[in-house]
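Work through the exercises below with the sequence and the model side by side. Try each task before reading its solution.

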Amino acid sequence: MRPLLVVLHGGFGNAQQIRSYIGLEPFADRAGFIIVYPDGTKVARMLSEKRKGWNGGECCGLPSITKVDDVAFITHTVDKMITDYGVDRANVYGTGHSNGAIMTYRLMCETNLYRAAVPYSGTLSMNVETCPAARGKRILAIHGQNDLNLPVQGGYTVKGFNKRTNYRSQQFTHDVFTRSGAKFQSLILPGAEHKPETLNAVLLATENVTLPQKIVAFLGLSEQ
């Protein structure tokens with residue numbers, strides 16, 4: 001049985017887009033884990049079908065407004081991978097960028113789907129005090145200090161398209177998961193912005209690792 005990594009694209013993106021830039025497949029080939037890249041649903045009425053998003057709770061776009069049940073969709077996707085590809089249910093992990101990170105937090109909060117997760121450039125987008133399902137789970141939250149799309153301190157975007165969401169802060173996210181008994185680690189990267197390539201550049205400069213290396217190492221997938 002093999003581990004599974006669920007990778008969620010950001011808002012206004014899609015599965016093919018994140019697959020092309022995140023660079024996780026060489027690690028999967030070497031370590032023997034499986035990656036699945038689900039697609040969200042159309043994020044705005046006036047945009048292309050290729051511009052997709054997730055219902056992370058209070059965010060983002062049409063998926064949130066129309067209450068798309070992305071928790072059920074991703075759970076079903078994982079179940080399908082377990083049935084068809086011999087995935088080990090006890091070794092399912094998650095990562096995602098921006099709206100994909102927001103959705104990853106929701107899954108960690110509401111389900112026992114993931115053993116551990118690495119959301120980056122996102123925060124929890126739910127009005128909750130605790131996330132009981134997260135007890136004992138490991139989370140590495142990566143965020144750029146100079147993120148203007150989804151500020152570390154929360155609030156409205158300075159640079160992004162989604163002007164209506166009052167984002168919750170990284171501190172709020174940390175407090176909810178820590179209060180819930182999760183092992184929550186925040187990594188705020190000075191000089192990094194919202195885009196993964198800026199996170200990658202700072203990680204290379206400060207730790208001599210890439211973003212995909214950091215994700216795989218934290219999740220323990222390189223040791224499988």
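**Exercise 1. Locate Phe-12, then state its phi and its exposure.**

Solution. Start with the place: Phe-12 is in the loop between strand 1 (2–8) and helix 1 (15–22). Helices (H or I, at least four residues) and strands (E, at least two) are DSSP runs, numbered from the N terminus. Next, the backbone: Phe-12 is not a glycine, yet its phi is positive, about 70 degrees. Most residues other than glycine have a negative phi. Last, exposure: Phe-12 has 26% relative accessibility, so it counts as partly exposed. The classes are buried (under 20% relative accessible area), exposed (over 50%) and partly exposed in between, with a 1.4 Å probe and protein chains only.

The model is predicted: local features need pLDDT of at least 70, side-chain atom pairs count only at pLDDT 80 or more, and totals for chains, interfaces and linings use all residues. Residues are numbered from 1 along each chain as its sequence is written, and side-chain values use heavy atoms, with hydrogens and water left out.

**Exercise 2. Ser-121: is it buried or exposed?**

Solution. Find Ser-121 in the loop between strand 6 (116–120) and strand 7 (138–144). Its relative accessible area is 0%, so Ser-121 is buried. Now check the backbone: Ser-121 has a positive phi of about 60 degrees, although it is not a glycine.

**Exercise 3. Which kind of peptide bond joins Cys-59 and Cys-60?**

Solution. Read omega: it is about 20 degrees, and the bond is cis. Most peptide bonds are trans. Cys-60 lies in the loop between strand 4 and helix 3.

**Exercise 4. Count the aromatic pairs, then classify two of them.**

Solution. Apply the rule: rings of Phe, Tyr and Trp (its six-membered ring) pair if their centres lie within 6.5 Å; planes under 30 degrees apart are stacked, over 60 edge-to-face, and the rest tilted. The count is four aromatic pairs.

- Trp-54 and Phe-73: the ring centres are 6.4 Å apart and the planes are at 20 degrees, so this pair is stacked. Trp-54 is in the loop between strand 4 (52–53) and helix 3 (61–65), and Phe-73 is in helix 4 (residues 70–85), 19 residues apart. Trp-54 is buried at 0%; Phe-73 is partly exposed at 33%.
- Tyr-105 and Phe-177: the centres are 5.7 Å apart and the planes are at 35 degrees, so this pair is tilted. Tyr-105 belongs to helix 5 (residues 99–110) and Phe-177 to helix 6 (residues 170–179), so the pair ties together parts 72 residues apart in sequence. Both residues are buried.

Finish with the cluster: ring pairs link Tyr-105, Phe-177 and Phe-184.

**Exercise 5. What surrounds Arg-168?**

Solution. First, place Arg-168 in the loop between strand 7 and helix 6. Its relative accessible area is 22%, so Arg-168 is partly exposed. Second, list contacts (heavy atoms within 4.5 Å). Leaving out residues up to four places away in sequence, Arg-168 touches Glu-58, Thr-123, Leu-124, Met-126, Asn-127 and Gly-154. Third, look at Met-126: the Arg-168 side chain reaches its backbone oxygen at 3.4 Å. Fourth, find the ring: the charged end of Arg-168 sits over Phe-172, 4.9 Å from the ring centre. The rule asks for NZ of Lys or CZ of Arg within 6 Å of the ring centre and within 35 degrees of the ring normal. Arg-30 lies over the face of Phe-27, at 5.0 Å from the ring centre.

Conventions
Polar contact = N/O pair within 3.5 Å; in protein donor to acceptor, adjacent residues only side chain to side chain.
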